[in-house]
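Q: Could you take a close look at one part of this model for me, and then walk me outward from there to the rest? I would enjoy one connected account.

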Amino acid sequence: MTTLPISIIFGGFFLLAGLASAEPSVHAFLNSYCTQCHGATNHKADRRFDTLPFSITTWDHLGAYQEIVDQLNLSAMPPDDEPAPSEEERAAMIEFLQAKIAKARAGIDDTGGHTVLRRLNAWEYRQTIGDLLGLHVDSWNPAADFPAEVKAHGFDNNGARLVTSGMLLGHYFSAAEEAVKRATHFGSRPEAKTHAQKSPFYFEGKAKEGLPKLYHVDRFRFIPETPYTDLYGRHYRGGHIGFLPTARGGLKESGQYTIRVKAAAVDRVHDYGNVLGDFRNGDPLVLEIASVDRRGSVESTGNISHEVILKRVELTTDEPLWIEWTGYLEKHYEPSVRFRNGPIAAKRMVRLLADKLGDRPEFAPHVNVESKQDRAHGMLKAYKGPKLRIWEVQIEGPHFEEWPPRGHRTLYGNLRESDLSRQSIAQRIRAFAQRAFRRPPVENELEPIERLVAAKLEEGLTHLEALQLGLQAILCAPGFVYFHEAEGKLTDYALASRLSYFLWSSMPDGELLALAATGSLKPHLLEQAERMLADPKSDRFVTHFIRRWLNVDNIGEMPASREFLSYYRDNLGEAMQSETEMFFRHILDKNLPPREFLAADYSFLNRELALHYDVEGIEGNAMQRVAFEAASNRGGLLGHGLLLTASANGVDTSPVIRGVYLQENLLGYTPPPPPDDVPEIEPDIRGALTIRDQLEKHREIATCAECHRKIDPPGFALENYDAVGAWRTEYGAKMPIDATGAMANGDTFENPGQFRQLMIQRSDRFKRCLVEKLLTYALGRDLGARDRDAVDKIIATSNGLRDLIKAIIQSDSFGRN
Amino acid sequence: MRTKPTLKRRQFLRGMGVTLALPTLPSTGRANETAETSPRRLVCIGNHLGYYHGNFFPGDESLNSPTLQPLRPHWDDITVFSHLDHRLNGGHGGVHGFLSGIKKEEAAGFPDKNITVDQMAAEYVGSATRYSSLTTGIDKGTHLCWTRAGVSIPPINNPAKLFQALFVESDRKGREVERKRLMHRSSVLDALRESAGALNKTLNQTDRDKLDQYLTSVREIEQRLQMSQEWLDRPKPRATIEEVVDEERLHIDEIALFYDLIALALETDSTRVATFEIPMGFQTAELQLESYHALSHHGKTPGRIEQLAVVESFLTSKLNGFLTALKNKGLFDDTLVVFGSGMGDGSKHSNRDLPVMLAGGGLEHRGHLICPQEDHRRIPLCNLFLSALHWFGMEELEHFGRSTGTFAPMEIA
């Protein structure tokens, strides 16, 4: 949350309230009810309030005031035998102090419109290394082991809050070493080759030595004497096949490759009932192509240390098709083909078929066969359920757009290894630093690194070793790690970086830096923004902004419980993220107003997500635009699985948590935190009480009611959506869901649809909230009182999302530091 | 003789209102432990979802409760505390404060940020052992351990890697490469410090304060390099168990394996501070139960509470194995084990009344110690941690986290 909204949204409201009842005197209140025990003579429990200043300037004072509010909230203080304030007095004081605390908190956080020396966060570091050195950071994440970033109101790019630690610097060293190594290609261009492997996909005899079991024939996979290999389940054993030509150590080179798989879907419809677990009868069979790194695994398991999912295709016919994928693959990775939505593991399936359906004529002859292998193979041959059938796998590559690759030239220019000399490497160091720092180095910033390289040459390192050490040092230097925004009006270089990290999560490209170098970026700011939003790199903005704005990390920290079978079987997590990203992208590209986020009667779904939403008739694994019917329970962000999952905890939902989530992220209001000592609601799902009954009790306490009156209703409105966003009409124990409620201003709703209408009516608030979130993200700091004019102006002059972003870029807040 | 800790520098700085993160300095280490004294050790074990109160806390002052049954052999050497916590809230978001008393969101307001009790102890040990601390756990753990910089230390989650770190020597060539790398790295650090100095001149005061974090990090790495160099040529101890190979394991097997390795690490004095964390993602399916997180949301349904009891007794039975191992190795009386969780009640997401247990350490144990429950007489859990740190040797430490003093109800230090 930003610090603005309370004052802005409720500014007028508070003013009215202030006129209606005179501001309560804190001093008089404390004197009457508190300082007897917590004053000059007594300071019970080590607390005295007679010296507490009226204005809150330190965290200590803030803590003291917070404690007073907590105690008043609970009616715990003053104790029964002491004079106590009336209920009205108490409530007025709580409200006054809460506003005072919120304002003070904002004041302590306010950095005066200055983004404190901001470091690249892990996400930005990753993209920057990728763009700088032409590395594919989708498959190799240099920041994978970095410590988690500190977040301020959900944002992980807040300069004042980001922490640089020894642990992080240690990781910078290893990442820099590895990045330079990966980008260096003095050798000649590797030749492209084609490897093809027809079924069977296993080794026999000596050839299989030292290879994971995946490549061994066993009784649950690889039935010999067929020209194809059938995959039976989504699980590793019997559900994955590896690729023999690269089985030992993976690909020899990174580069562009094409993978082709000849496959078909056989016997999609079965009559085995629930023996096949959660497989949805008749579903298309999902073929997944992945690239996996098996290094570090042992023979017994062949487990995977890293994997990248490359492609998923839904197959519906038993006619073999060639499925093709082209893209970048890392050295040491190898292709893997899986049956993504396959039924249960082959081993379990054979057992269940024998146990439950063993008397069927097709299985009966095999059930009691002595040889385990013959029995299993016999059962599998007789099995007429879903099978993903694979005939052949091919891989072709590596191809390169250019050789040596771009990153190599960024590091070494056109120098061959034999061209490296004292002079030429000094030149490379300077050229690379300028690029890596996104600006010319300041005085004496680079000299220490130049001296380092010279000294290492003296020590006897080769030219290449010394140069690489210098390049690594540049990637660990503060010039690389930190923004350089200084104070006042941004320089063109600082502006280029701020713009670029806003829209690309990465360093400015050559064009931006060229404009900055000639001091002509400012007049071209808008056309540059247009160019940048049209570049695929702007997808990073969409992805990361959504992640921060809607707190998507919550899903990673509290993943959906395994009890939500379809969530995992159907890759719903990924589909939900794509849905919201495509929706955002659509609004951005079409320059639609923020209201569209709430009011849209369409979304972007694939077959699985559509089924999750109870929408029929959508085919295919690809996300596609789907229009909802008028009576639909979907439409707008409020129906997005991502939002509904991120606002739950993976197991169940809480109207309070969802209510706070909506207030903070869509309406721009941060409710005060619950008092420390209020007992938590104790969920009771045995069936006697609904969550509403339980909360009702809570709200009987007058002081709790005040906040929960605002928080809970939006949460209740979404109770029809479970913890992964599926529609439900009752809780587990047959308790019906009651999604009615009233907003704080008295507007009532009977169901989520009506609630959505009330939210659409609040589009202006939503718009302000969104602009504040975008601006906070763009600036890398909390908004302060000084930004209010900027926000007002942005809102007044623009309406479409793209225009709002351009207005942000042109705002005074964006152009200054 | 226990050497006196020298923490004056840090205290002095704190007195001056300087809040920069100080790295571990050799001067705070206890490098010259004499051979005849047995060093003190601290092990902290935390899980994410807490323990169901109804089964964990005994009804009286004995330790007779379902969850504590598996620990019966050690009942004389255990104290379980009721009504201790940090007054935190936030449910899942409050759990990571278990060993610090402070949530990461508020860490900036405290001079030592949200440093955890194990890392305080680790700083005190310094380079006296090969590893100043070992942080271990299942999967991604539960953010149990935090440094003075306010950064969470991820657990080592692969027992094979831990085994390697403890017992497997790199060959001579590998050590040579490592020595060179350390040497070059130290030159690079010098250059970075100078480069930062040049940049510093162009910044305003707020930004300079921020850049100080970078300089502090440089110093921190320098010291770590020095420690690594010191230990590079000292042989590692010989493993007394079979090599732990890298393979897929069930969580239920990994837990016991980690406890074994921790006990060995302590026995060989490879470290004196170890932690172990059990996440919400602990695969209770391996015990033929519903998912752990779902069970913690029992909502008072008897079926789920029963299953939860199975999980929790499983966890205490593994602890039992660990305590027994410490006794067998003669380490128990010099090792203080902190066991518990930052979650008080998973079903209502409360971080109050945390399950907390101390074991070993040669203390006069007290069974079930019921601390005051009334709001104004409650004792901060940090008081217990402060006393634990005093016991560990840091007698001069005045505060830890939210402590208001040492822990009065029981003699610890």
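A: Happy to. Let's begin with E370(A), which sits in the loop that links helix 10 (364-367) to helix 11 (372-382) of chain A. Bear in mind throughout that this is a predicted model. E370(A) has a relative accessibility of 74%, and because the cut-off for exposed is over 50%, E370(A) counts as exposed. To get a feeling for the span of the chain, take A104(A) as a second landmark: 266 residues separate A104(A) from E370(A) in sequence, and their C-alpha atoms are 79 Å apart in space.

From that loop, let's move on to where the two chains meet. Chain A brings 67 residues to the contact and chain B brings 63 residues. Together the two chains bury about 5,600 Å², with 59% of that area on carbon and sulfur atoms. Three residues of chain A deserve a mention here: L117(A), F173(A) and E680(A) supply 11% of the area that chain A buries against chain B, more than any other three residues.

Polar and charged groups take part as well. Three salt bridges cross the interface of chain A and chain B. A salt bridge joins E177(A) to R185(B), whose closest N and O atoms are 3.2 Å apart. As for polar contacts, 22 residue pairs are counted between chain A and chain B, both partners being at pLDDT 80 or more.

Which helices build the side of chain A that touches chain B? At least two residues each come from helix 4 (59-74), helix 7 (166-183), helix 14 (447-459), helix 15 (463-476) and helix 16 (478-481) of chain A. Helix 7 of chain A gives the largest share, seven residues. Sorted by character, this side of chain A has 30 nonpolar, 18 polar and 19 charged residues.

Finally, let's turn to the interior. The largest nonpolar core has 92 residues, and the members that touch the most others are F502(A), L503(A), F541(A), W549(A), F597(A), L666(A) and I805(A). Helix 31 of chain A, residues 763-779, gives the most to this core, with eight residues. For a closer view, pick I805(A): beyond its neighbours within four places in sequence, I805(A) is in contact with F502(A), L503(A), L533(A), F541(A), L588(A) and L774(A). There is also a second, separate core of 66 residues, and among its members are L169(A), A176(A) and C476(A) from chain A and Y214(B) from chain B.

Methods:
Residues numbered from 1 in each chain as written. Chains lettered and ligands numbered in written order. Predicted model: local features only at pLDDT ≥ 70, side-chain atom pairs only at ≥ 80, totals over all residues. Heavy atoms only, no water. Helix = DSSP H or I, 4+ residues; strand = E, 2+ residues; numbered from the N terminus. Buried < 20%, exposed > 50% of the residue type's maximum accessible area, 1.4 Å probe, protein only. Contact = heavy atoms within 4.5 Å. Buried area = accessible area lost by both parts, 1.4 Å probe. Salt bridge = Lys/Arg side-chain N within 4 Å of Asp/Glu carboxyl O. Polar contact = N/O pair within 3.5 Å; in protein donor to acceptor, adjacent residues only side chain to side chain. Nonpolar A, V, L, I, M, F, W, Y, C, P; charged D, E, K, R; others polar. Core = buried A, V, L, I, M, F, W, Y, C linked by side-chain atoms within 4.5 Å.
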